[in-house]
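Welcome! Here is a set of short exercises to work through with the sequence and the 3D view open beside you. Try each task yourself before you read its solution.

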Amino acid sequence: MAPERPTPFDSWHAAVPAALFAGTALLTMLAVQPVLVALSLAGAVAFSLLARGVRATVRGLAWQLPLLALVCVLNPFFSASGSTLLLKVGPRSVYAESLVYGATMGALLVATVLWFQGAATALTQDRLLSLSGRRARTLPLVVSMASQLVPQMLGRARTVRATVAACTAAGSRPGLREELTRTSTMLLAWSLEDSVERADAMRARGWESGRPRTSYRPERLRGRDAAALAATAGLLVACAACAWRLCASWRFYPTLGELGPWWAYAPWLALVLLPSLERVSPFGTPAPPRPKETPDERA
């Protein structure tokens, strides 16, 4: 059996990858500039290869890259603007500026999806719960349960459809509407039964009992974590300032603008490569198990 892939940023407090991925994804969505988007996409692909593996990354790119190409190709036909005419397709004119804009927006979409997928590998359900206070765990609980239950329901829907299709004693196969009705009814009954068991389990665990809750795996903010958070915040501020300058000098229409000085891309390059460097650096090795809380610390 192949060894289990280690969790990214496992040796750091959960706030470090949360701040890093949230800031990177936010800046990626806001900085609509071709070079910045291309660097972000390259960094997201590199981290996905290291954290999720080649097979999972290729499986995701199998539908993400066609989506990028579709946005790139269709944008010149819906927004025929620019000054550099490339070709004419019937009454439509294809301009280089529209093509660049479509490619940039498609790459931005794919990069954002990859960054969220990478964040999901580092911020597991228990780490998401540890980010919230002991009295404010409802939202992370709902998010973690939804991320688990939605794929589970889709898998159960496939199981129900396969079971109905295999049952040939009931006669001919029902129509699409009847099949959807039967599947949704069985899924509803299945979910209601699970919800009763889940509620009993939460009640037995003491959820909303009024007492301070303990954590299965407490994470303490150490000095190195605080320093990493401060460095991440400084890097995000530098990237935001550089991206502001680069985007201010860039335009898509009517002609392509200037790409800006090369040194303004250095903070951005460091930001998008930082998750991958954590995977290959000795500081990214898993930390030893943290000690459990004592009764005094729980109080």
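**Exercise 1. Cysteines**

Is Cys-247 buried or partly exposed? Then decide how Cys-72 is classed, and find how many disulfides the structure holds.

*Solution.* Keep in mind throughout that this is a predicted model.
- Step 1: Buried means under 20% relative accessible area, exposed means over 50%, and partly exposed lies in between.
- Step 2: Cys-247 has a relative accessible area of 25%, so Cys-247 is partly exposed.
- Step 3: Cys-72 has 16% relative accessibility, so Cys-72 counts as buried.
- Step 4: A search of the whole structure for disulfides finds zero.

**Exercise 2. The overall plan**

How many helices and strands does the chain have, and in what pattern do they follow one another?

*Solution.*
- Step 1: Counting gives 10 helices and two strands.
- Step 2: Along the sequence, the pattern reads α-α-α-β-β-α-α-α-α-α-α-α.
- Step 3: For the chain as a whole, 33% of the 299 residues count as buried.

**Exercise 3. The hairpin**

Find strands E1 and E2. In which sense do they pair, and over how many bridges?

*Solution.*
- Step 1: E1 covers residues 85–89 and E2 covers residues 92–95.
- Step 2: The two strands pair in the antiparallel sense, over four bridges.
- Step 3: Look across the pair: Leu-87 stands opposite Val-94 in E2, and Lys-88 has Ser-93 in E2 as its bridge partner.
- Step 4: In a regular strand, side chains alternate between the two faces of the sheet.
- Step 5: E1 and E2 form a hairpin with two residues between them, and in the turn Gly-90 has a positive phi of about 65°.

**Exercise 4. Helix H1 and a distant partner**

What is the span of helix H1 from its first C-alpha to its last, and which of its residues are buried?

*Solution.*
- Step 1: H1 runs over residues 15–30, which is 16 residues.
- Step 2: Its span is 22 Å, close to the 22 Å expected at 1.5 Å a residue.
- Step 3: The buried residues in H1 are Val-16, Pro-17, Leu-20, Phe-21, Gly-23, Thr-24, Ala-25, Leu-27 and Thr-28.
- Step 4: An α-helix has 3.6 residues a turn, so residues three or four places apart point the same way.
- Step 5: Now pick out Gly-23 and Leu-271: their C-alpha atoms are 9.4 Å apart in space, although the two residues are 248 apart in sequence.
- Step 6: Leu-271 belongs to helix H9, and with 1% relative accessibility Leu-271 counts as buried.

**Exercise 5. Salt bridges**

How many salt bridges does the structure hold? For each one, work out whether its residues are buried or partly exposed.

*Solution.*
- Step 1: There are two salt bridges.
- Step 2: One joins Arg-156 to Asp-194, with the closest N and O atoms 2.5 Å apart.
- Step 3: Arg-156 sits in helix H6 (residues 138–166) and Asp-194 in helix H7 (residues 176–204), so this pair ties together parts that are 38 residues apart in sequence.
- Step 4: Both Arg-156 and Asp-194 are buried.
- Step 5: Another joins Asp-225 to Arg-222, where the closest N and O atoms are 3.0 Å apart.
- Step 6: Asp-225 counts as buried at 0% relative accessibility, whereas Arg-222 counts as partly exposed at 31%.

**Exercise 6. A surface patch and a special bond**

Which residues make the nonpolar surface patch of about 470 Å², and which helix gives the largest share of it?

*Solution.*
- Step 1: The patch is made by Leu-50, Leu-269, Leu-273, Leu-274, Leu-277 and Val-280.
- Step 2: Helix H9 (residues 266–280) contributes five residues, the largest share.
- Step 3: Take Leu-273 as an example: this residue lies in H9 and counts as partly exposed, with 33% relative accessibility.
- Step 4: Next, move to the loop between helix H8 (223–248) and H9, where Pro-254 is placed.
- Step 5: The peptide bond from Tyr-253 to Pro-254 is cis, with omega near -5°.
- Step 6: For context, most peptide bonds are trans.

Definitions and conventions. Residues are numbered from 1 along each chain as its sequence is written. This is a predicted model: local features need pLDDT of at least 70, side-chain atom pairs count only at pLDDT 80 or more; totals for chains, interfaces and linings use all residues. Side-chain values use heavy atoms; hydrogens and water are left out. Patches are made of residues with over 30% relative accessible area and no salt bridge: like charges are joined within 9 Å, nonpolar side chains (Val, Leu, Ile, Met, Phe, Trp, Tyr) within 5 Å. Accessible areas come from the Shrake-Rupley method with a 1.4 Å probe; for residues, only the protein chains shown count as cover. A salt bridge is a side-chain nitrogen of Lys or Arg within 4 Å of a carboxyl oxygen of Asp or Glu. Buried means under 20% relative accessible area, exposed over 50%, partly exposed in between (1.4 Å probe, protein chains only). A disulfide is a pair of cysteine sulfur atoms within 2.5 Å. Two strands pair if DSSP finds at least two bridges between them. The expected span of a helix is 1.5 Å times one less than its number of residues.
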